[in-house]
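This report is written for a reader meeting the structure for the first time. Please keep the sequence and the model in view while reading.

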Amino acid sequence: MREANMMPETRNEAEDYKSNVEVPETAHAVSTDSWLQAGFVLTTGVNSVFVLGYSGTIMVPLGWIGGVVGLLLATVLSLNANMLVAKLHEHGGKRHIRYRDLAAQIYGRRAYTITWAMQYVNLFMINIGFLILGGSALKACFAVFNYEHTMKLPYCIAITGFACTLFAISTPHLSALRVWLGCSTVLALIYIIVACVLAAKDGINAPPRDYSIHGKSSSRIFTTIGASANLVFAFNTGMLPEIQATVREPAVKNMLKALYFQFTIGVVPMFAITFIGYWAYGAATSTYLLNSVSGPLWVKAAANISAFLQSIICLHIFASPTYEYLDTKFGIRGSALKLNNLSFRIAARGGYLVISTLVSALLPFLGDFESLTGALSTFPLTFILANHMYIVAKKNKLSLLQKLWHWSNVVIFAIMSVAATIAALRLIAVDSKQYHVFADL
C-alpha cells in the first residue's frame, strides 16, 4: 500500500489510494474538506473564547518566567503529540475517523470503551466551559449598559444553551460549518483585538503592577500544578481523528499541514492576548479579561457579543463527536431537512445541551473546570495515549532513543495528570465553600 504521506499524482492514482484505505461507516461526511478548513477548525479551538481567561488562569499562577516558558514548551509538546496521532490515522489500512476506533485497532476492543469514556468527559467538560464563557460574555454585555440591574449568570447561561441548541439543530455535521468557520475567525479577531488594544491602553496609563505569585507555599504548589493542566488544555482538542476524518486524501499529509498552520499562525493571537492581558493588570488580572479592561461602552459590548457568538460555534465543534455517534447509531442519513432527521436532532442534541446547560449553571467555576479537564482527559488523550499508541504501533521501526523519548513522555505526563487531578479537586473543594450552586459570579 502507498505510504500515507505521498501525494497521488493522477486521477487513477488517487482512486487507487482511496480504495486501499478502508473507511468505516458513519452518518457524517468524510474526506470532503481541504487541509486549510481543518486548520481553521483547529485554530478556532485554540483562539476560542477561552483565550480571554488565560492571562488569569495561566500567567497569574505561574508568573512571567513560568508562564512564558510553559506556553512555549506546551506548544512544542502539543504539536509533537498531535503529529503522532495524525500519523496513525491510517494504521492497519483503515481510516480511524474516531479516537476510540484508533485505540481499539492498536490495543483491542476494551480500549474502545475506555478511550470513548475519557474523550466524552473531555468534550463534555469543554462544552460546559463554552456555555459558562458564553453566559459570562452575555452577562458582561448586559452589565456594560446597566450596572444596577444586570442579568444573573445562570439566566445568561440558559440563553447561551438555547442559542447553541438552535445552532446544533441547523448544522448537521462538522463539515457543514464551512462559512461559519470564517465567521468564527472574524468574531475571534474582534474580541482578541479589542481586549489587546484596551488592555494595552490600560497598561500604558497604569502605575507599576504586581507580578508576584501570591498565596502560601502549599497553595501555590497546587495552583501551579493546576495551571500546568490549563497549559495543555489551551492547545489540544482531544478529537484530532474526528477532525482528520473530514480531510481529503492524502489524509496524513493534509492533516500535518493543518497542524503546522494551527501551531504557527494559529497560536499568535492566543499568545498576544495572554501576554498583553497579564502585562496590563499583573496579579489582578481577571479570569475573563473583558471584565478588566476599560474603554468605550460600544466597543466592550461588541467584543462581548463576539465572544458570545463565537462560543456557540466552538461548542458545536467539540460536541460533533457526540452528535456523530448518535446520528450513526440511529441511522440518521440523507437530507438534514427531512422531518425524521430534523426531529431526531431536536430531541437528541437538544437533550444533550439541556443537560450541559444545567451543569454549567449549577457549577460555574471556570478556572477549576479548565484544570480538571486538562488533568482528567487532556493529559491522557493528548500525551499519554498518543505516545504509547505510537510505541505499540511503530515498535519495530523505532530506535532505542526514540522509544526512550516516547516512554519518558508517558511516565512524566502520567505523573502530571495525577498531580493535576488532585490539585483541581482541591480547588473545587475550596471554591465550593465560597460559592453556592447557581452562583452569580
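## Glu249 and its surroundings

In this predicted model, Glu249 has a relative accessible area of 15% and is therefore buried. The side chain of Glu249 forms a salt bridge with Arg95, and the closest N and O atoms of the two are 3.5 Å apart. Arg95 lies in the loop between H3 and helix H4 (99-107), while Glu249 belongs to the loop between helix H9 (240-244) and H10, so the pair ties together parts that are 154 residues apart in sequence. Arg95 counts as buried too, because its relative accessibility is 1%.

The backbone at Glu249 deserves attention as well. The peptide bond that leads from Glu249 to Pro250 is cis, with omega near -5°. Pro250 is placed in the loop between H9 and H10.

## A network around Arg98

How many salt bridges are there in the model? The count comes to six. One of them joins the side chains of Arg98 and Glu324, with an N to O distance of 2.8 Å. This pair links distant parts of the chain: Arg98 sits in the loop between H3 and H4, Glu324 sits in helix H12 (residues 297-329), and the two are 226 residues apart.

Are Arg98 and Glu324 buried or exposed? Arg98 has 8% relative accessibility and so counts as buried. Glu324, with a relative accessible area of 9%, is buried. Asp101 also takes part here, since a network of salt bridges links Arg98, Asp101 and Glu324.

## Asp33, Arg178 and two loops

A further salt bridge is formed by Arg178 and Asp33, whose closest N and O atoms are 3.4 Å apart. Arg178 is found in the loop between helix H6 (153-170) and helix H7 (179-205), and Asp33 in the loop between helix H1 (11-19) and H2, so this pair ties together parts that are 145 residues apart in sequence. The partners differ in their exposure class: Arg178 counts as partly exposed at 45% relative accessibility, whereas Asp33 is buried, with a relative accessible area of 3%.

Arg178 also has a notable backbone angle. Its phi is positive, about 35°, although Arg178 is not a glycine. In the loop between H1 and H2, Ser31 has a positive phi of about 60° and is likewise not a glycine. Ser31 is partly exposed, because its relative accessible area is 23% and the partly exposed class lies between the limits of 20% and 50%.

## Packing of H2 and H10

Helix H2 (residues 35-46) packs with helix H10 (residues 251-262) at an angle of about 40°, and their axes are 8 Å apart. That angle makes H2 oblique to H10, because angles under 35 degrees count as roughly parallel and those from 65 to 115 as roughly perpendicular. The crossing in which H2 passes H10 is right-handed.

## Trp180 in helix H7

Trp180 has its place in helix H7. With a relative accessible area of 36%, Trp180 is partly exposed. Where does the chain bring Trp180 and Gln310 in relation to each other? These residues are 130 residues apart along the chain, and their C-alpha atoms are separated by 9.5 Å.

## A nonpolar surface patch

Which residues form the nonpolar patch on the surface? The patch consists of Trp64, Ile65, Val69, Ile204 and Trp279, which together have about 530 Å² of accessible area. Helix H3 (residues 54-87) supplies the largest share of the patch, namely three residues.

Ile65 is one of the patch residues, and its place is in helix H3. Ile65 counts as exposed because its relative accessibility is 70%, and the exposed class begins over 50%.

Note on methods:
Residues are numbered from 1 along each chain as its sequence is written. This is a predicted model: local features need pLDDT of at least 70, side-chain atom pairs count only at pLDDT 80 or more; totals for chains, interfaces and linings use all residues. Side-chain values use heavy atoms; hydrogens and water are left out. Patches are made of residues with over 30% relative accessible area and no salt bridge: like charges are joined within 9 Å, nonpolar side chains (Val, Leu, Ile, Met, Phe, Trp, Tyr) within 5 Å. Accessible areas come from the Shrake-Rupley method with a 1.4 Å probe; for residues, only the protein chains shown count as cover. A salt bridge is a side-chain nitrogen of Lys or Arg within 4 Å of a carboxyl oxygen of Asp or Glu. Helices (H or I, at least four residues) and strands (E, at least two) are DSSP runs, numbered from the N terminus. Buried means under 20% relative accessible area, exposed over 50%, partly exposed in between (1.4 Å probe, protein chains only). Axes are lines fitted to C-alpha atoms, for helices over the stretch in contact, and angles run from 0 to 180 degrees between N-to-C directions. Angles under 35 degrees count as roughly parallel, over 145 as roughly antiparallel, 65 to 115 as roughly perpendicular and the rest as oblique. A crossing is left-handed if the near helix is turned anticlockwise from the far one by less than a right angle, and right-handed if clockwise.
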